[in-house]
Amino acid sequence: MFQVFLVAFLLLQPETDARKSKIFGGETKSVEDYPYLVNIRRGGTFRCGGALISPSCVLTAAHCLEGRPDRVRDLSVHALQQCLNDAPAPEHVRWAWYAKVSPDYAPRRGLDADVAVIRLSRPFDISGKASLAKIDYNELPRHMNLTIMGWGMTEENTQDWNQCLQVAEIQKLPQGECIRRIGTPQHPVTGNMFCAIGENATDACPGDSGGPAMSDGRAIAGLVSWGYGCGRGYPGIYTRLSSPRISFWLKYFVADHCWG
């Protein structure tokens, strides 16, 4: 049964293999309830989700940069966009200036340390409707409830390029159970990851990559990273922001590059 194909929660093929990801089992929600949420586009084409962590910086998955973190001038960030084909207001669009992936990012080791920060060419005005999300660097309890959101697929092989925002509730699994259920030698579940799944196989899917997993509605505990399909009953893998190596790098980079 392990002849399932691996899907990273993207709508494209990253530099590693055919991993992709959207939310299966979610509900349509208003983006105004999640004003820190953004979608990331390359050359105008939707690629991933992300979250504003400062007026000038977006947190997302490293694999969303498609192995080109040094070439981001065609990368745009859209805030407060309900559906992918909605005409964006100019004040809700920013272009990337530069990006940085975690120094521990290992795309050929199961997308280990799958986290990146995009610095914007111009900050968002957060005195308006857009707002910021905090990063939760604390260790998550066993069976913690989390909220995921994104514009990815609602079914594994069906892509709606005018997808509207979907939101779902999932629950973190114990690490040992996660390793037993989904880890393989080629795609290990490392200490920089955690896994989660919701009732009735609720899961992230292609297109949800880089989107936040929120621990209390306002704090980012993880990022959608990879999984085996979506809605198949396998837990999804999320970047663990409480990992010491990730949190050390992220705190330093955000303090040095995202404020001022």
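User: Why is D70 called exposed?

Analyst: D70 has a relative accessible area of 61%. The cut-off for exposed is over 50%, so D70 counts as exposed. Keep in mind that this is a predicted model.

User: What makes D70 and R71 a salt bridge?

Analyst: The closest N and O atoms of D70 and R71 are 3.8 Å apart. A salt bridge needs a side-chain nitrogen of Lys or Arg within 4 Å of a carboxyl oxygen of Asp or Glu. The pair therefore qualifies.

User: Why is R71 called partly exposed?

Analyst: The relative accessible area of R71 is 48%. Partly exposed lies between the 20% and 50% cut-offs. R71 therefore belongs in that class.

User: How many salt bridges does a search of the whole structure find?

Analyst: It finds 11. One of them joins the side chains of R42 and D74, at 2.8 Å from N to O. R42 sits in strand β3, and D74 sits in the loop between β5 and β6, so this pair ties together parts 32 residues apart in sequence.

User: Is R42 buried or exposed, and how do you know?

Analyst: Its relative accessibility is 6%. Buried means under 20%, so R42 counts as buried. Its partner D74 is at 30%. That value falls between the cut-offs of 20% and 50%, so D74 counts as partly exposed.

User: What makes R181 and E177 a salt bridge?

Analyst: Their side chains meet at 3.2 Å, N to O. The limit is 4 Å, so the pair passes. Both residues lie in helix α1, 4 residues apart, about one turn of the helix. In general, an α-helix has 3.6 residues a turn, so residues three or four places apart point the same way.

User: Why do R181 and E177 count as partly exposed?

Analyst: R181 has 32% relative accessibility, and E177 has 24%. Partly exposed runs between 20% and 50%, so both count as partly exposed. Elsewhere, salt bridges that share partners join R42, R47, E66, R68 and D74 into one network.

User: How do you know that the length of helix α2 agrees with its number of residues?

Analyst: Helix α2 covers residues 244–257, which makes 14 residues. At 1.5 Å a residue, it should span 20 Å. Its end C-alpha atoms are 20 Å apart, so the two values agree.

User: Which residues of α2 are buried?

Analyst: I246, S247, W249, L250, F253 and V254 are buried. They cover an arc of only 165 degrees around the axis, which puts them on the same side of α2. The face turned away from that side carries the exposed residues P244, R245, F248, Y252 and A255.

User: What covers the buried residues of α2?

Analyst: Several strands help cover them, including β4, β5, β7, β8, β9 and β15.

User: Why is L250 called buried?

Analyst: L250 has a relative accessible area of 0%. Buried means under 20%, so L250 is buried. Leaving aside neighbours within four places in sequence, L250 is in contact with L59, V117, I135, Y137 and L241. L250 and A116 are 134 residues apart in sequence, but their C-alpha atoms are 8.7 Å apart in space.

User: Why does T190 count as buried?

Analyst: T190 is at 9% relative accessibility. The cut-off is under 20%, so T190 counts as buried. T190 is found in the loop between α1 and β12.

User: What makes the link between T190 and D112 a polar contact?

Analyst: Their side chains are joined at 2.5 Å. A polar contact requires N or O atoms within 3.5 Å, one able to donate a hydrogen and the other to accept it. The pair is therefore listed as a polar contact. Leaving aside neighbours within four places in sequence, T190 is in contact with R109, D112 and Q175.

User: Why is D216 called exposed?

Analyst: Its relative accessible area is 57%. Exposed means over 50%, so D216 is exposed. D216 lies in the loop between β13 and β14. Its side chain reaches the backbone nitrogen of A219 at 2.9 Å.

User: What makes the protein chain as compact as a globular protein of its length?

Analyst: The chain has 2 helices and 15 strands. Its radius of gyration is 16 Å, close to the 18 Å that the globule rule gives for 260 residues, so the chain is as compact as a globular protein of that length. Of the 260 residues, 61% count as buried.

Note on methods: Residues numbered from 1 in each chain as written. Predicted model: local features only at pLDDT ≥ 70, side-chain atom pairs only at ≥ 80, totals over all residues. Heavy atoms only, no water. Expected span 1.5 Å × (residues − 1). Buried < 20%, exposed > 50% of the residue type's maximum accessible area, 1.4 Å probe, protein only. Arc of directions from axis to C-beta. Contact = heavy atoms within 4.5 Å. Rg over C-alpha atoms; globule rule 2.2 N^0.38 Å.
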